[in-house]
There are 2 protein chains.
Amino acid sequence: MLRGRKSLNIVEYRTKNGPFKTLESVVNVPLLKHKSAVVVFNAILNPVKKKKVKIQLAKFIRPEVDRSWLDDANTIVSLVCGTNKVAWAHVDRGMAVLDWQQHDCPNFLKGTYMASAYLNDVSAVVSLLPSADFYIIEKPSISVQNTALFPIMAHMRTVEAMLFALLEPRNIPVETNIPPRVLNMMRTAVGRHFGLMVGESRTSGAQTVRQLMTESVTQKFPRINFPPDLLMKYRNSFQMGSSRRGGEQLCDALLQAVAFYELLSESS
Amino acid sequence: MLRGRKSLNIVEYRTKNGPFKTLESVVNVPLLKHKSAVVVFNAILNPVKKKKVKIQLAKFIRPEVDRSWLDDANTIVSLVCGTNKVAWAHVDRGMAVLDWQQHDCPNFLKGTYMASAYLNDVSAVVSLLPSADFYIIEKPSISVQNTALFPIMAHMRTVEAMLFALLEPRNIPVETNIPPRVLNMMRTAVGRHFGLMVGESRTSGAQTVRQLMTESVTQKFPRINFPPDLLMKYRNSFQMGSSRRGGEQLCDALLQAVAFYELLSESS
C-alpha cells in the first residue's frame with residue numbers, strides 16, 4: 001500500500017513522536033496527505049478478499065495447450081512411474097474413479113540398461129491402459145544437477161520418453177490442429193495443491209488418499225468417488241507406519257488426477 | 001599344445017642339458033614320447049591358420065536375437081544421435097548405400113527438458129526414415145557413473161528410448177515369434193572393428209569414411225558402394241583439421257552400418 005519515502009517517513013515520525021495517538025495525527029507525517037491515509041484506513045477496515053491469483057495452465061501442464069481442449073476432456077489417465085512399477089488412475093470429469101492400479105516392471109533398473117528391455121515393460125503397461133482423452137504423466141522434480149539421483153533420473157526419463165512415444169497417436173500430419181494426447185503435470189504443483197510440500201520436496205500422499213477414500217463414503221459431495229470394489233481393494237492399503245506397502249505411486253497417480261480437474265476448474 | 005608336466009619337463013631338461021641339438025633329442029624329455037613330438041613339430045612346420053575367434057552376436061547386437069533373422073535382413077537403417085541432430089545410413093546387404101543423411105533436432109538440449117518437445121523432434125526424424133528390416137541404434141558407451149557427462153547421457157537415453165518406442169511396430173501379441181525391429185549396436189564394437197579405439201574412447205571416424213568413399217571409386221570390389229549423388233554431396237565433407245563440419249554422426253552412422261554387415265559375416 002505504502003512504499004518508499006512514505007513508509008520511511010512513518011517510521012521516522014514514530015521513532016521521534018511515539019505511536020500515533022489519533023487517526024488524524026497520521027496526516028502529520030511528511031508526504032502522507034489525507035488521500036493516502038484514507039486509502040490505507042479503508043484497506044484496513046474493509047479488507048477486500050485477496051484476488052485469487054489466476055493459476056496458469058503452463059504452471060502445471062506441459063506442453064502448453066489450448067485450455068478448451070482440456071475442458072472438453074471426458075476422462076483422463078493419470079500416470080506415475082516408480083523404480084519398479086507404473087501406477088495409473090483413470091478418472092472422469094464427474095470425479096469418478098474408473099480404474100486404479102499399478103503394474104510391475106521387472107526390467108526397470110535391473111542389470112545393464114537395455115532400451116529394448118525397458119520397451120518390453122513399458123509396452124506391457126501401455127497395452128493395459130484404458131483409452132482416455134488425455135494421458136497425464138507426472139513430471140518429477142529431480143534436476144539434472146542432482147548427481148546423487150542420476151541413475152533414478154535417467155531411469156525416469158527413459159520410461160517417460162517411452163510413454164510419450166507410445167501413447168501419442170502416430171502419423172498425424174504436423175499441420176493439423178490436433179491437441180497432444182500426452183501431457184506432463186508437475187509433481188510439485190500437485191504437491192502444493194494438496195499441501196504436501198515440505199520445502200522443495202513432497203511428503204507421502206498416503207494420508208490424503210485415505211482421507212479422500214473415507215470422504216467418498218461419509219460425505220454427500222465428496223471430492224472424488226470410488227466404486228465399491230476399489231474401496232474394498234485398497235481400504236487397508238496406504239497405512240502410515242509399520243508396513244510400507246509401496247503404494248506411493250498408486251497414491252500419487254490418484255492425487256494427480258484429482259489435482260488435474262481441481263486445478264483446471266480453479267484456473268478458469 | 002603341451003601343458004602341465006610335459007612342458008615343465010622340457011624346461012627342466014633344457015636347464016640341465018642346454019638347448020636341443022637335434023630334433024630327435026626331444027624324445028629324451030621324460031613323458032615326451034614320439035607321438036607328442038610329432039604333433040608339436042607338425043604344428044610348427046605346418047601352422048594352421050589361427051581359428052578365427054567366433055565373435056558373439058551378443059557382443060555387438062542387443063537384445064540377443066536369432067542370428068537367422070539378421071542374415072535374412074535385406075536392408076538396415078543405422079542410426080546415431082548427437083546433441084542436436086540424428087544421422088542415419090540406409091544400407092542393403094549388397095553393401096550399397098541407399099540413403100545417408102542427418103536431420104536437425106532444434107529441441108534437443110534446449111531450455112528446460114520437455115518430453116513433448118523431444119517427441120516432436122524424434123517423430124520428425126522417424127517420419128523421414130526409409131523402411132528397413134532392422135533399425136540399428138548406436139548404444140553409446142557413456143556410463144551412468146560418469147557424472148560430468150550426465151546431461152548428455154540423459155539426453156541420449158531420452159532420444160534412444162523414443163526411437164525404440166516409435167520404430168517398434170505396435171500391438172504385436174507377445175507370444176508371436178517375431179524378431180524385434182530395433183536393435184542396439186555397441187559403439188565400442190564398431191570402434192574396435194575399424195581400429196578407432198584409443199583406450200576406452202573412440203576417435204573420429206572421418207578419415208575412415210573418406211577412405212571408404214575413395215575406395216568405392218578406385219577399387220573393383222570396395223567394402224561399400226556409394227551412389228554418385230551421395231559421393232558428390234559428401235566428397236568434401238569430413239575433412240580433418242580446420243573446419244569441423246559436425247559430420248561425426250553422419251560418419252558414425254555409416255561406419256555402424258558397414259560394421260554390422262561385416263561383423264555379421266565374420267561371426268558366421
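This report looks at how chains A and B meet in a predicted model, and then at the salt bridges.

## Where the chains meet

Put the two chains together and about 2,500 Å² gets buried between them, with 69% of that on carbon and sulfur atoms. On chain A, the residues losing the most area to chain B are Phe150(A), Arg157(A) and Arg170(A), which together make up 25% of what that side buries. In residue terms, chain A brings 27 to the contact and chain B brings 26.

As for polar links, eight residue pairs are in polar contact across the two chains, counting pairs with both residues at pLDDT 80 or more, while the number of salt bridges between chain A and chain B is zero. Helix H5 (115-128), helix H6 (150-167) and strand E6 (182-186) of chain A each give two or more residues to the side that touches chain B. H6(A) has the largest share, at 13 residues. That side of chain A splits into 16 nonpolar, five polar and six charged residues.

## Salt bridges

Over all chains, the structure holds 12 salt bridges. In chain A, Arg202(A) pairs with Glu138(A) at 4.0 Å, N to O. Arg202(A) sits in strand E8 and Glu138(A) in strand E5, so the pair ties together parts 64 residues apart in sequence. Both residues, Arg202(A) and Glu138(A), are buried. They also belong to a salt-bridge network that includes Arg187(A) and Asp252(A).

Over in chain B, Arg187(B) and Asp252(B) form a salt bridge at 3.0 Å, N to O. Arg187(B) is in helix H7 and Asp252(B) in helix H10, so this pair joins parts 65 residues apart in sequence. Arg187(B) counts as buried because its relative accessibility is 19%, and Asp252(B) counts as buried at 5%.

Note on methods: Residues are numbered from 1 along each chain as its sequence is written. Chains are lettered from A and ligands numbered from 1 in the order in which they are written. This is a predicted model: local features need pLDDT of at least 70, side-chain atom pairs count only at pLDDT 80 or more; totals for chains, interfaces and linings use all residues. Side-chain values use heavy atoms; hydrogens and water are left out. Contact means heavy atoms within 4.5 Å. Buried area is the accessible area (1.4 Å probe) that two parts lose on being put together, summed over both. A salt bridge is a side-chain nitrogen of Lys or Arg within 4 Å of a carboxyl oxygen of Asp or Glu. A polar contact is a pair of N or O atoms within 3.5 Å; within protein, one must be able to donate a hydrogen and the other to accept it, and residues adjacent in sequence count only if both atoms are side-chain atoms. Helices (H or I, at least four residues) and strands (E, at least two) are DSSP runs, numbered from the N terminus. Ala, Val, Leu, Ile, Met, Phe, Trp, Tyr, Cys and Pro count as nonpolar, Asp, Glu, Lys and Arg as charged, and the others, Gly among them, as polar. Buried means under 20% relative accessible area, exposed over 50%, partly exposed in between (1.4 Å probe, protein chains only).
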